[in-house]
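Please consider the structure shown below together with its sequence. The paragraphs that follow lead through selected parts of it in turn.

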Amino acid sequence: MNDHPHGNSALFTPSRRSFVEGTTVIAGAAALGLASPSVFGQTPRIRMDIVTFAQDPTRLANFEAAVQEMKDRSAADENDPRGWLAVANDHRDFCAISTGNASQIHYCYWFLAWHRAFISVTERKIRAISGDDSFSYPYWNWSSDRHIPQAFARSGSSLSNAVRYTPSRGLQDDEVDYNPDDPVLRALGVAALSARRFQATTPARISRSFGGIARPNSFGAYGNNRLEGTPHGPVHVYVGGVSDEGDPGDMTDFTTAARDPIFFAHHGNLDRLWEAWRQDPARRATEPTSNTFLNHRFVFTWIDGAPIEVSVSDVLDTTNLGYAYDSLDVFRTAPVAGPMASAESASTRPPAIGRQTLRVPLQPEAAPDESARKILEITDVEAPTQPMTVSVFVKPADAPADELGTSIGAFSAIRSGGQIAWPTQTLTFDITAAAKKYAGEQITVQLIPQPIRPQGAAPETYPQLKFGQMRIVTEGAGGHQ
Ligand code: C2O
């Protein structure tokens with residue numbers, strides 16, 4: 001953090017002049033500090049944890065004032081390109097559209113790159129509007145902070161001014177993808193970091209890949225990559241929640257998600273996890289190198305209304321975008337002791353929406369491969385009809401009915417353009433630790449929703465989830481994912 005260029009505005013004069021003159025700003029590889037003015041600069045700024053960021057009251061006040069100004073502009077003219085709504089609508093236009101639409105940047109390998117570019121463009125806008133050249137959008141470390149951080153929650157702040165029906169409970173371990181019961185996954189902090197490959201080459205591997213499947217692809221299949229499924233989805237649904245009347249909060253619907261300033265802090269943390277994943281050269285080496293991937297261009301709107309283009313190759317190295325994170329550790333300090341699932345009683349949970357009893361295969365006797373993972377697959381899942389987050393619990397088949405057992409993961413259903421976004425038919429969960437514990441035994445897998453309404457008073461009920469079957473498969477060791 002020592003090289004954080006506080007107040008060194010001279011470095012940024014060229015690009016600021018371009019805002020004034022209304023020049024169309026193109027960020028291509030050639031424009032990265034080499035050619036015409038670019039929104040992308042090379043002097044690194046540090047993206048901070050919001051808790052650290054908020055320790056400087058002036059820095060926080062400048063951020064709040066800029067977002068307030070942008071919101072005021074949108075209130076006066078919803079088409080104002082300097083307005084906050086214009087920012088949010090860039091997300092709507094690429095996310096709240098149909099799954100198969102060629103511009104859709106969810107459910108495929110554009111997901112991480114597009115959101116990285118989107119955060120960068122947005123922080124550049126805030127920099128230009130606030131005049132604070134040192135600004136970088138802070139991230140929300142929800143592994144450590146299980147409630148909405150104070151800076152995004154203070155009433156009257158432009159950073160909390162959004163439609164939220166956040167439940168009063170904090171985020172649970174499975175919603176932030178922390179699995180304390182499995183030694184390998186626990187060590188990673190966020191279990192999605194276990195994904196070994198970026199690109200999925202078959203539909204079945206999408207939910208175990210870190211980056212997703214190519215678009216278009218010969219299977220015509222899309223789906224959430226490992227990180228995009230969970231923790232990405234459940235944190236969206238937690239923040240937005242659902243009102244007692246059944247209306248989704250901003251973050252619960254892709255149409256409105258980016259209206260909530262916490263959107264960028266949530267995606268900042270996901271972006272940070274991508275960086276943590278890239279620290280492993282073997283994992284990073286699986287990022288696609290095809291021109292189809294690298295030369296793909298995303299278009300955003302600059303504050304003068306001009307389009308800005310950013311290519312995937314522009315964003316793979318964050319130093320090209322002029323930022324780095326203050327830390328790549330998953331937890332700020334030690335892991336939080338999350339609420340123990342087994343101590344939680346079924347009475348605090350909505351009724352199960354799905355259940356199956358199955359036999360856990362015996363572990364291979366000879367030379368068990370330690371890196372092989374056991375995966376629970378739920379096949380042919382039909383789209384839920386309302387937003388939800390669901391925990392997947394396992395317990396011995398003869399355990400008492402009101403016992404929840406151990407959570408092995410969670411999934412969520414988010415709204416998008418008036419319906420539930422559900423690109424995936426197969427859900428997968430890493431069940432390795434439980435499969436070892438219950439090898440050869442009968443277990444019951446239960447799908448039990450998390451409460452997502454504000455008061456938690458009225459019991460929530462959800463329709464049964466329709467699916468084909470649950471089965472346990474062994475994932476190739478050292479191999480595909
Ligand atoms: Cu484009 Cu978290 O959404």
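In this predicted model, a polar atom of the side chain of Arg359 lies 3.1 Å from the backbone oxygen of Gly440. Arg359 belongs to strand 7, which covers residues 354-359. With neighbours within four places in sequence left aside, Arg359 is in contact with Gly440, Glu441 and Gln442. Arg359 also illustrates how positions distant in sequence can be related in space: Arg359 and Thr444 are 85 residues apart in sequence, while their C-alpha atoms are 8.7 Å apart. Arg359 counts as exposed because its relative accessibility is 53%, where the cut-off for exposed is over 50%.

A second arginine may be examined in the same manner. Arg349 is placed in the loop between strand 6 (323-325) and strand 7. Is Arg349 buried or exposed? Its relative accessibility is 7%, so Arg349 counts as buried, the limit for that class being under 20%. The side chain of Arg349 has a polar contact, at 3.0 Å, with the side chain of Ser391. In addition, a polar atom of the Arg349 side chain lies 3.3 Å from the backbone oxygen of Ile448.

Attention now turns to the helices, beginning with helix 4. Helix 4 comprises twelve residues, 84-95. The distance from its first C-alpha to its last is 17 Å, close to the 16 Å expected at 1.5 Å a residue. Ten of these twelve residues are buried, and helix 4 is therefore largely enclosed by the rest of the structure. The buried residues are Trp84, Leu85, Ala86, Val87, Ala88, Asn89, Asp90, His91, Phe94 and Cys95. Which elements are included in what covers them? Among them are three helices, namely helix 3 (57-76), helix 5 (111-130) and helix 8 (262-278). Strand 4 (297-301) and strand 10 (406-416) are also included in this cover.

Of these covering elements, helix 3 may be taken up next. The axes of helix 3 and helix 4 are 6 Å apart, and the two helices pack at an angle of about 85°. Helix 3 and helix 4 are therefore roughly perpendicular to each other, since angles of 65 to 115 degrees fall in that class. From helix 3, Val67, Met70, Lys71 and Ser74 take part in the contact, and they meet Trp84, Leu85, Ala86 and Val87 of helix 4. By class, the residues of this contact between helix 3 and helix 4 comprise six nonpolar, one polar and one charged.

Helix 3 also packs against helix 5. Their axes come within 9 Å and cross at roughly 95°, and helix 3 and helix 5 are therefore roughly perpendicular to each other. On the helix 3 side, the participants are Asn62, Phe63, Ala66, Val67, Glu69 and Met70. On the helix 5 side, they are Lys125, Ile126, Ile129 and Ser130. The residues of the contact of helix 3 with helix 5 are six nonpolar, two polar and two charged. Val67 and Met70 thus appear in the contact with helix 4 and in the contact with helix 5.

Helix 8, another element covering helix 4, has 17 residues, and all 17 are buried. Its end C-alpha atoms are 24 Å apart, which agrees with the 24 Å that 17 residues should span at 1.5 Å a residue.

The final topic is backbone geometry. Most residues other than glycine have a negative phi, and most peptide bonds are trans. Against that background, several positions merit inspection. Arg215 and Pro216 are joined by a cis peptide bond, with omega of about -5°. Pro216 is placed in the loop between strand 3 (212-213) and helix 7 (226-240). A cis peptide bond also joins Thr230 and Pro231, with omega of about 15°, and Pro231 is found in helix 7.

Positive phi values are found at Tyr107 and Asp380. Tyr107, although not a glycine, has a phi of about 60°. Tyr107 is found in the loop between helix 4 and helix 5 and, at 3% relative accessibility, counts as buried. For Asp380, likewise a residue other than glycine, phi is positive and near 50°. Asp380 lies in the loop between strand 8 (373-378) and strand 9 (388-396). Whereas Tyr107 is buried, Asp380 is exposed, with a relative accessible area of 53%.

Definitions and conventions:
Residues numbered from 1 in each chain as written. Predicted model: local features only at pLDDT ≥ 70, side-chain atom pairs only at ≥ 80, totals over all residues. Heavy atoms only, no water. Helix = DSSP H or I, 4+ residues; strand = E, 2+ residues; numbered from the N terminus. Expected span 1.5 Å × (residues − 1). Buried < 20%, exposed > 50% of the residue type's maximum accessible area, 1.4 Å probe, protein only. Contact = heavy atoms within 4.5 Å. Axes fitted to C-alpha atoms, helices over the stretch in contact; angles between N-to-C directions. Parallel < 35°, antiparallel > 145°, perpendicular 65-115°, else oblique. Nonpolar A, V, L, I, M, F, W, Y, C, P; charged D, E, K, R; others polar. Polar contact = N/O pair within 3.5 Å; in protein donor to acceptor, adjacent residues only side chain to side chain.
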